[in-house]
Amino acid sequence: MKRRISIYPFLAILGIFLLSIFVRLPHFDRPLSKHHEFVTAVSLRVLDIWHAEGATTYGLNPVMNYPGEANKYINNWASTTGEMLDESGNFYYVSHPPMAYILPHAVFSLLQVKPSVKAIQIFHLIINLICALFIYLIVCLLGQQKPFARIYWSGIVGVLIYLFSPGVLWFQMNTYMSDMLVHLFFVLNVYTILKLLMRKRFFSPKYLVYYAVLLFLMIYTSWLGLFFAFSVFTYSFIKLRNTKVHIPLNLVTLFVTLASLALLYVQYKGIAGSEAYIDQMMNRIAERGSVQEDVGLLAQISSIAHMIIRVVSTYLSSYLPHFLLLFSFVYLTLTRAKLRIVFTKNGYRFLWLSTLPILLLHFFLLNYSGHDFVSLYGSLFLAVLIAILFDKLKTAKTLTYRQLTLGIGFVVLSSISLYYYINRPGEYSLSGDRYDHSQVLGKEIYENALDDHVIFIQGELSVDPQLIYYAKRNIQKVSSTEDAQEFLKEHPCKKGQIFRYDDSQEEGFVSVQTFEAY
């Protein structure tokens, strides 16, 4: 008998998604400025260069120097060691694998779309919709419901909670980089493993292939993939080792992990050699890890405590209303209803897969975890768990449907309010800075810069990735004309152009000077 598929779940999810876009409209195609939009600027710089000269020209590596001799040998937010430099004077950003650039570049090339803020935001919104759909599927899977036979309202609650999280509203539109793209593969792989184990289709080649492909995409996008692979391997070893099913899963996990790392090593070492790549990665691990080098015990404890506080604050800024609702649901469920599904075998599987990779990431990369876009990974756990508890409270009739709906509505409205408080609509940010500051100055450089001159900036102005993106030029910061002259002595291009900035003036750069090396 042919299964009946209802269109209403699709329409409900799409409708909620469109409402979330309406909430985000004040920040759609807005000039890149604050709240980690520098990562979007970095991604767009790579995509711009690939669009102009081809991704294969650079071996699919994230190049950070625009075309033209005057842009070479300038290290703008690329290599912290200064060693990831090719023979042509291009620096590369290799802190993450390259999939976050490869995927949008492939999509834009296929559709013949030029990389832009608007294009990358639309691309990321589609990812946002896919994540929401699979959160609905995960809730249906744990609730043992057919997802498209009819609307499963607990699954819709999960979609609502997810899409209207302050962190998701921002980090799945306005910011884009490896850290955000990997979240898509994380959600898809949690669903795949749950489906694989719950439906007893472990030996189905289809599900093994899905898992293998998604694990490769995770690892080839960002480091969360390694922690996910470890989590799957340990779960299989601990919970499934007395059965025959864990052997294929662990073999696939080991093979894909080692093959992904080998591919990444071979690819990135081709830029400047093995030593340069290893030095760069050791530098980033030391910087973004959990332990500081060459400090005493008290200083180490103080540093770790400070980093933990930062991580907690990022979760509160992204999910405060959700935590309040979750604690309320947990309290009511434990005291007035039977908490069954969360602590069944399938519930434990979800908890393990959705939290252990994130906890491992925080444990080993605590400094990195202080970036609030890392809290995006926690949205899966929160949305699904709240949806499951909603279902149990509704079934047990602990609260009326109206009371539950009001609780969800309160979270959605308070989340939107928190989102607008952190990301103010209008022309000015919460700190009082203009959103178009980097755009205005960058476009001034773009319109006045000479192609065969090295561009310098003098004054109290940060050469941030947003400025570089809008200028479409690599820029060297100097304190004087003499410093610029010294830089040109070692640069193949012997002409320079200094843009002088005075933050007391509102008209942008106060003067522009061209000169040649002497």
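The legends below describe an overview and several close-up views of a predicted model of one protein chain.

**Figure 1. Overview of the protein chain, with its 19 helices and 4 strands.** The radius of gyration is 25 Å, close to the 24 Å that the globule rule gives for 518 residues, so the protein chain is as compact as a globular protein of that length. Taken along the principal axes, the C-alpha atoms fill a box of roughly 80 × 55 × 50 Å. Of the 518 residues, 57% count as buried, and the protein chain exposes about 23400 Å², of which carbon and sulfur atoms supply 62%. Among contacts between residues at least 6 apart in sequence, 73% join residues at least 24 apart. The side chains include 43 that are positive and 34 that are negative, and the centres of these two sets lie 28 Å apart.

**Figure 2. Close-up of Cys-140, a buried cysteine.** The relative accessible area of Cys-140 is 0%. The closest cysteine sulfur to that of Cys-140 belongs to Cys-131 and is 16 Å away, which is too far for a bond, given that a disulfide requires two cysteine sulfur atoms within 2.5 Å. For the protein chain, the count by this rule comes to 0 disulfides. Cys-493, which may be viewed alongside, also counts as buried, at 6% relative accessibility.

**Figure 3. Close-up of the loop between α2 (38-53) and α3 (99-111), where Trp-77 is found.** Trp-77 is not a glycine, and yet the phi of this residue is positive, at about 55°. Most residues other than glycine have a negative phi. With a relative accessibility of 47%, Trp-77 counts as partly exposed, because that class covers values between the 20% under which a residue is buried and the 50% over which a residue is exposed.

**Figure 4. Close-up of the loop between α4 (117-142) and α5 (153-163), where Gln-144 lies.** Gln-144 has a positive phi of about 55°, although this residue is not a glycine. The relative accessible area of Gln-144 is 62%, and the residue is therefore exposed.

**Figure 5. Close-up of His-36 in the loop between α1 (8-24) and α2.** Although His-36 is placed in a loop, this residue is buried, with a relative accessible area of 17%. Not counting residues up to four places away in sequence, His-36 touches Phe-171 and Thr-175, together with His-371, Asp-372 and Phe-373.

**Figure 6. Close-up of Thr-40 in helix α2.** Thr-40 is buried, with a relative accessible area of 1%. Leaving aside neighbours within four places in sequence, Thr-40 is in contact with Leu-32, Ile-120, Asn-174, Thr-175 and Tyr-176. Thr-175 thus appears in this view as a contact of Thr-40 and in the preceding view as a contact of His-36. The C-alpha atoms of Thr-40 and Met-173 are separated by 9.8 Å, while the two residues are 133 residues apart along the chain.

**Figure 7. Close-up of Leu-215 in helix α8 (residues 205-219).** Leu-215 counts as buried, at 0% relative accessibility. Not counting residues up to four places away in sequence, Leu-215 touches Asn-189, Gly-225, Phe-228, Ala-229, Thr-253, Val-256 and Thr-257. For one of these contacts, Phe-228, the C-alpha to C-alpha distance from Leu-215 is 8.1 Å, and the two residues are 13 residues apart in sequence.

**Figure 8. Close-up of Phe-329 in helix α12 (residues 297-336).** Phe-329 counts as buried, with a relative accessibility of 4%. The residues that Phe-329 touches, not counting those up to four places away in sequence, are Ile-386, Leu-389, Phe-390, Leu-393, Leu-404 and Ile-408. Phe-329 and Ile-388 are 59 residues apart in sequence, and their C-alpha atoms are 9.8 Å apart in space.

Technical notes
Residues numbered from 1 in each chain as written. Predicted model: local features only at pLDDT ≥ 70, side-chain atom pairs only at ≥ 80, totals over all residues. Heavy atoms only, no water. Helix = DSSP H or I, 4+ residues; strand = E, 2+ residues; numbered from the N terminus. Rg over C-alpha atoms; globule rule 2.2 N^0.38 Å. Buried < 20%, exposed > 50% of the residue type's maximum accessible area, 1.4 Å probe, protein only. Contact = heavy atoms within 4.5 Å. Areas by Shrake-Rupley, 256 points an atom, 1.4 Å probe, with all protein chains shown as cover. Lys, Arg positive; Asp, Glu negative; His and termini not counted. Charge placed at Lys NZ, Arg CZ, Asp CG, Glu CD.
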